[in-house]
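Q: Please take a close look at one part of this structure, the nonpolar core, and then at the charged pairs. A connected account suited to a first-year student would be welcome.

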Amino acid sequence: MKDNYLNTYNNLIKLTRDKSLYLNLNKEETFTDRLIFLLLILAFFFKNYKSHNNKIKLQQIHDFIFKQIEISIREIGYGDVSINKNMKKYINFFYDILSKIDNWDNYDLEKKCEILSKIIDSPKNISFYTNYFDKL
């Protein structure tokens, strides 16, 4: 299973390394910013592929990616207690993002900007992100 989803994971990570995402923040990028963009991109990925009726595969991708996030947090040096607490927080945040973007295509520009401004910390130009995720 790992090899099947490693390519998907790496492609999602590549998308989070787009420098324009971080140039449009009013602060220096952090691990949390990268994680937020990964969760946003993953949410849009799931939104687009949920209609393909392969829920088992999407669940396996979800599990693999969140396992990779946990490994990354461990590599940073967090302890077991804080890892569990943070993972719970990140998973809940991911599901919150999913619920907010579920009808993304039906929202007007103002509503999209409102949603993203609640998710992305300190954006310079929220419409940049709206356009970015519309194209994604």
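A: In what follows, a contact means that heavy atoms lie within 4.5 Å. The model examined here is a predicted one.

Under that meaning of contact, Leu-40 is a suitable place to begin. Leaving aside residues up to four places away in sequence, Leu-40 touches Ile-97, Leu-116, Ile-119, Ile-120 and Phe-133. Leu-40 is also among the residues of the largest nonpolar core that touch the most other members, together with Phe-37, Ile-69, Tyr-129 and Phe-133. This core has 42 residues. Two or more of its residues come from each of helix 1 (2-16), helix 2 (19-23), helix 3 (31-49), helix 4 (55-76), helix 5 (80-101), helix 6 (109-119) and helix 7 (126-135). The largest share, twelve residues, is given by helix 3.

The charged side chains form a second topic. Side chains of opposite charge can pair when their charged atoms come close. The structure contains ten salt bridges, and three of these pairs are described below.

One salt bridge joins the side chains of Lys-27 and Asp-33, with a distance of 2.9 Å from N to O. Are these two residues buried, partly exposed or exposed? Lys-27 counts as partly exposed because its relative accessibility is 29%, a value that is neither under 20% nor over 50%. Asp-33 counts as buried because its relative accessibility is 4%, and buried means under 20%. Lys-27 and Asp-33 are also linked with Asp-121 in a network of salt bridges.

Another pair consists of Arg-34 and Glu-29, whose closest N and O atoms are 2.7 Å apart. Arg-34 has a relative accessible area of 33% and is therefore partly exposed. Glu-29, at 36% relative accessibility, is likewise partly exposed.

The remaining pair to be described is Lys-50 with Asp-102, a salt bridge in which the closest N and O atoms are 2.4 Å apart. Which parts of the chain does this pair tie together? Lys-50 belongs to the loop between helix 3 and helix 4, whereas Asp-102 belongs to the loop between helix 5 and helix 6, so the salt bridge ties together parts that are 52 residues apart in sequence. Lys-50 counts as partly exposed, with a relative accessibility of 43%. Asp-102 counts as partly exposed as well, with a value of 36%.

Notes:
Residues are numbered from 1 along each chain as its sequence is written. This is a predicted model: local features need pLDDT of at least 70, side-chain atom pairs count only at pLDDT 80 or more; totals for chains, interfaces and linings use all residues. Side-chain values use heavy atoms; hydrogens and water are left out. A nonpolar core is a set of buried Ala, Val, Leu, Ile, Met, Phe, Trp, Tyr and Cys residues joined through side-chain atoms within 4.5 Å. Buried means under 20% relative accessible area, exposed over 50%, partly exposed in between (1.4 Å probe, protein chains only). Helices (H or I, at least four residues) and strands (E, at least two) are DSSP runs, numbered from the N terminus. A salt bridge is a side-chain nitrogen of Lys or Arg within 4 Å of a carboxyl oxygen of Asp or Glu.
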